[in-house]
Each structure stands twice: as structure tokens, then as C-alpha cells.
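Trainee: Please take one part of this model and go through it closely. I would like to see how a single residue fits in with what surrounds it.

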Amino acid sequence: MTAVEGSAGHIDTTALYVELQQFYGRHMRAMDEGRVADWTGDFTEDAVFRTNARPDPQTGRAAIADGAAVAARKLMEQGVLRRHCVSALEVGAGPDGTVVAKTYAQLVRTPRDGASVLELFCTCEDVFVREEGRLRIRHRQVYRDDLPKD
């Protein structure tokens with residue numbers, strides 16, 4: 001097993017890697033299936049969601065939920081399925097005892113009666129904390145590859 005050093009000592013990254021793979025499978029599937037409450041339940045109450053696609057971050061689980069609900073409703077009205085395909089997971093420890101996960105995310109768009117196409121490619125960095133034994137996202141940063149980073 002491998003371990004990295006964090007403020008809380010060594011973290012078993014092998015077990016954490018498996019836990020995060022499970023997390024992202026469940027988390028992204030919830031969003032792709034329009035289960036916004038399940039998806040946003042994976043964020044802390046005071047979470048921040050930043051992306052270079054919007055000038056201002058969404059702050060707080062409620063604001064993140066509102067944005068996700070609008071996006072899910074829009075896709076449903078358009079008859080579009082969207083799939084988040086997460087890969088290249090890198091796991092580490094933050095200096096403050098948090099868990100940092102870096103991933104790539106491909107978003108595949110499939111219109112009703114149409115062919116699937118790659119809609120977006122992104123890099124993501126999530127900072128996790130443990131609340132009541134489960135991982136929750138405190139901060140998410142998403143950079144779409146088709147937009148400037150700043």
C-alpha cells in the first residue's frame with residue numbers, strides 16, 4: 001500500500017483511491033440521471049464550486065443545487081442525455097488534513113435520436129473533508145479546456 005503525508009499523518013492512498021472511484025461513480029451518475037439532491041448532497045453546506053465557464057463561483061450547497069437543477073431541467077427539456085466520464089484520478093493529502101482529488105472529465109452529449117458527441121473536456125480538482133465518516137466536497141475547481149483558465 002502507498003501512503004502520503006498529511007497533517008493527520010499518513011493517509012492510505014490505495015484505500016482512498018478506491019473510495020474516491022466509488023464516490024465519483026455514484027456522484028456523476030446521480031447528476032447524469034437528474035438526481036440533483038443526491039449529487040449536491042456530496043458537497044459540504046459551505047462548499048464553493050468554481051469554473052472558468054462562469055465569472056463568479058457558486059457558494060453554498062443551496063446555490064450549487066439551484067445551478068444543477070437549472071442545468072438538469074434544461075437538458076431534460078432539450079431531450080439530451082449527458083454523461084460525465086471521469087478518469088486519470090490522482091489522490092493526495094492537503095496540508096490541512098483535507099483530501100485532494102484531481103481528475104479529467106469528459107462530458108458526452110447524446111441528443112434524442114442523435115449520435116453521441118464529446119461536448120467538453122475538463123480538468124477538475126476537488127478538496128474533500130470527512131463529515132460523519134463520509135467524504136464531502138468543500139471546494140471544486142473545474143477548468144474547461146476550450147476556455148481560458150483565467
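Mentor: Let us start with Arg140, which lies in strand β8. Keep in mind that this is a predicted model. Is Arg140 buried or exposed? Arg140 has a relative accessible area of 4%. The cut-off for buried is under 20%, so Arg140 counts as buried.

Now its polar partners. The side chain of Arg140 meets the side chain of Asp126 in a polar contact of 2.7 Å. A polar contact of 3.1 Å links the side chains of Arg140 and His27.

The wider surroundings come next. Neighbours within four places in sequence are set aside here. Arg140 is then in contact with Tyr24, His27 and Met28. Trp39 and Phe43 are also in contact with Arg140. So are Val48, Phe49 and Arg50. Glu125 and Asp126 complete the list.

What does β8 pair with? Strand β8 is joined to β3 by five bridges, and the two run parallel. Within this pairing, Thr51 stands opposite Val142 of β8. In a regular strand, side chains alternate between the two faces of the sheet.

Follow β3 to its other partner. Two bridges join β3 to strand β4, residues 58–59, and these two run antiparallel. Phe49 has Gln58 in β4 as its bridge partner. Phe49 is also one of the residues in contact with Arg140. A hairpin of six residues connects β3 to β4.

Now the largest pocket. Its volume is about 900 Å³. It is lined by 34 residues, and the closest to its centre are Met31, Ala71, Arg82, His84 and Leu107. Which elements give two or more residues to this lining? They are α1 (13–32), β3 (43–51), α3 (61–78), β5 (80–93), β6 (99–111), β7 (117–131) and β8 (134–144). Both β8 and its parallel partner β3 are thus on that list. The most comes from α3, with nine residues. By class, the lining has 19 nonpolar, six polar and nine charged residues.

One last stop, in α3. Helix α3 holds Gly67. Gly67 is partly exposed, with a relative accessible area of 26%. Gly67 and Asp56 are eleven residues apart in sequence. In space they are 12 Å apart, C-alpha to C-alpha.

Notes. Residues are numbered from 1 along each chain as its sequence is written. This is a predicted model: local features need pLDDT of at least 70, side-chain atom pairs count only at pLDDT 80 or more; totals for chains, interfaces and linings use all residues. Side-chain values use heavy atoms; hydrogens and water are left out. On a 1 Å grid over the protein atoms alone, a cavity is a set of points where a 1.4 Å probe fits but cannot get out, and a pocket is an open set with protein on both sides within 12 Å along at least five of seven lines; lining residues have an atom within 4 Å of a point. Grid points are joined across faces, edges and corners, and a volume is the space filled by probe spheres set on the points. Helices (H or I, at least four residues) and strands (E, at least two) are DSSP runs, numbered from the N terminus. Ala, Val, Leu, Ile, Met, Phe, Trp, Tyr, Cys and Pro count as nonpolar, Asp, Glu, Lys and Arg as charged, and the others, Gly among them, as polar. Two strands pair if DSSP finds at least two bridges between them. Buried means under 20% relative accessible area, exposed over 50%, partly exposed in between (1.4 Å probe, protein chains only). A polar contact is a pair of N or O atoms within 3.5 Å; within protein, one must be able to donate a hydrogen and the other to accept it, and residues adjacent in sequence count only if both atoms are side-chain atoms. Contact means heavy atoms within 4.5 Å.
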